[in-house]
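Please look through the sequence and the model below before reading on. The paragraphs that follow move from a single loop residue to the chain as a whole.

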Amino acid sequence: MPPHGSTAYALSAGGPILHPTLPAIILVPICPHTLSDRPLAVSSDSHVEIVMTSTARQSAHVTLDGQTNFTVQDNDRVRVRAPSGR
């Protein structure tokens, strides 16, 4: 079966495929502007926090599984962690 859902989104942006039983979170930048912005896999025990800075001349958005979209402003924090019980 071909990848679907969030796996397909991550793949199309250059992210990896992880086995469903692997306890990990993948962070995949969409349309990164530098080669240093790469997909990142971290343990599912991790708590990741991203702080937006310096939006005076740009805009930023957070998209979750291609469904929910939020605009991010200066000093907004995006916290990512795996759901409990997984």
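Does Asp74 count as buried, partly exposed or exposed? Asp74 counts as partly exposed, because its relative accessibility is 38%, and the three words have fixed limits: buried means under 20% relative accessible area, exposed means over 50%, and partly exposed lies in between, with a 1.4 Å probe and protein chains only. The structure is a predicted model, in which local features need pLDDT of at least 70 and side-chain atom pairs count only at pLDDT 80 or more, while totals for chains, interfaces and linings use all residues. Residues are numbered from 1 along each chain as its sequence is written, and side-chain values use heavy atoms, with hydrogens and water left out.

Asp74 has its place in the loop between E5 and E6, where E marks a strand; strands (E, at least two residues) and helices (H or I, at least four) are DSSP runs numbered from the N terminus. Although Asp74 and Thr53 are 21 residues apart in sequence, their C-alpha atoms are 5.0 Å apart in space. Asn75 lies in this loop between E5 and E6 as well, and Asn75 has a positive phi of about 70 degrees although it is not a glycine. With a relative accessible area of 58%, Asn75 is exposed.

Stepping back along the sequence brings us to strand E5, which covers residues 68-72 and contains Thr71. Thr71 has a relative accessible area of 47%, and is therefore partly exposed. If residues up to four places away in sequence are not counted, Thr71 touches Ala60, His61 and Asp76, a contact being heavy atoms within 4.5 Å. Of these partners, His61 is 10 residues from Thr71 in sequence, and the two are 4.4 Å apart in space from C-alpha to C-alpha. The side chains of Thr71 and His61 are also joined by a polar contact of 3.4 Å; a polar contact is a pair of N or O atoms within 3.5 Å, where, within protein, one must be able to donate a hydrogen and the other to accept it, and residues adjacent in sequence count only if both atoms are side-chain atoms.

On the other side of the loop, we can turn to charged side chains. How many salt bridges does the count come to? The count comes to two, a salt bridge being a side-chain nitrogen of Lys or Arg within 4 Å of a carboxyl oxygen of Asp or Glu. In one of them Glu49 pairs with Arg77, the closest N and O atoms being 3.0 Å apart. This pair links distant parts of the chain, since Glu49 is in strand E3 (residues 47-51) and Arg77 is in strand E6 (residues 77-81), 28 residues apart. Glu49 also meets Arg79 in a salt bridge of 2.7 Å, N to O. Because Arg79 lies in strand E6 and Glu49 in strand E3, the pair ties together parts that are 30 residues apart in sequence. Glu49, Arg77 and Arg79 are thus linked in a network of salt bridges. Within that network, Glu49 is partly exposed at 39% relative accessibility, whereas Arg79 is exposed, with a relative accessible area of 64%.

Finally, consider the whole chain. The chain has one helix and six strands, and read along the sequence they follow the pattern α-β-β-β-β-β-β. Of the 86 residues in the chain, 13% are buried. Among contacts between residues at least 6 apart in sequence, 31% join residues at least 24 apart.
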